[in-house]
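Student: I should like to go through the terms used for this model and see how each is justified. Where shall we begin?

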Amino acid sequence: MIKEINHDIIFLKKKATPASKKDTQTITDLCDTLAHYQDHCVGMAANMIGVNKQIIACYFGPFMTVMLNPQITHKENPYTTTEGCLSLAGQREVKRYEKITVTYLDKNFTRQSQTFSGFFAQTIQHEIDHLHGILI
Ligand SMILES: [Zn+2]
């Protein structure tokens, strides 16, 4: 189900709690909502649809990937860039890492570890920040 985008800064600044198999409806809703906004949004965290769970969905090209309880286990080559956020107005300056390794559970709750670089790495870092209550 397509959900409304949450703009409540107090809520968005709260840390998300780990996702479990009880959160399958939220996973579906997050994917549906990201698909709806795909023209101007490449990633979404569950808190952006009002659910404070560690779930993100990102587009890697045409493919959407869901990550549950994602953790960045390695990062290298910091740089500064500007980003926008569907929950916030305007563009802001942020520090990102060019290359990251992320450990997460996929939507079948299978543990994965994957390395990303460039724009995909940037998208994941933005969404994982949301799970920690960090806004750009
Ligand atoms: Zn955002």
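Tutor: Let us begin with strand pairing: two strands pair if DSSP finds at least two bridges between them. Please keep in mind that this is a predicted model. In the hairpin of strand 2 and strand 3, 2 residues lie between the strands, and G61 takes a positive phi near 65 degrees.

Student: How do you know that strand 2 and strand 3 are paired?

Tutor: The requirement is at least two bridges, and 6 bridges join strand 2 (residues 55-60) to strand 3 (residues 63-84). The criterion is met, and the two strands run antiparallel. One of the bridge pairs is I55 with L68 in strand 3.

Student: How many bridges join strand 3 to strand 4?

Tutor: There are 13, and these strands also run antiparallel. L68 has L105 as its bridge partner in strand 4. In the hairpin of strand 3 and strand 4, with 6 residues between the strands, G90 has a positive phi near 80 degrees.

Student: What makes C85, H126 and H130 donors of the zinc ion?

Tutor: A donor atom must be N, O or S within 2.8 Å of this metal. The atoms concerned are SG of C85, NE2 of H126 and NE2 of H130, at 2.0 to 2.2 Å from the zinc ion, so they satisfy the cut-off. H126 and H130 both belong to helix 3 (residues 118-131), 4 residues apart, or about one turn of the helix.

Student: Why is H130 called buried?

Tutor: Buried means under 20% relative accessible area. H130 has 1%, and therefore is buried; H126, at 8%, is buried as well.

Student: Why is F120 called partly exposed?

Tutor: That class lies between 20% and 50%. The relative accessible area of F120 is 33%, so partly exposed is the proper term. F120 lies in helix 3 and forms a nonpolar patch on the surface with V42 and F119, with about 250 Å² of accessible area together.

Student: What makes R96 and E83 a salt bridge?

Tutor: The test is a side-chain nitrogen of Lys or Arg within 4 Å of a carboxyl oxygen of Asp or Glu. The closest N and O atoms of R96 and E83 are 2.7 Å apart, so the pair qualifies. R96 lies in strand 4 and E83 in strand 3, so the pair ties together parts 13 residues apart in sequence.

Student: Which residue of helix 3 pairs with R96?

Tutor: D129 does, 33 residues away in the chain. The side chains of R96 and D129 meet in a salt bridge at 2.9 Å, N to O. Shared partners join E83, R96 and D129 into one network.

Note on methods. Residues numbered from 1 in each chain as written. Predicted model: local features only at pLDDT ≥ 70, side-chain atom pairs only at ≥ 80, totals over all residues. Heavy atoms only, no water. Donors = N, O, S within 2.8 Å, 3.2 Å for Na, K, Ca; no water. Buried < 20%, exposed > 50% of the residue type's maximum accessible area, 1.4 Å probe, protein only. Patch = residues over 30% accessible without salt bridge, like charges linked within 9 Å, V, L, I, M, F, W, Y side chains within 5 Å. Areas by Shrake-Rupley, 256 points an atom, 1.4 Å probe, with all protein chains shown as cover.
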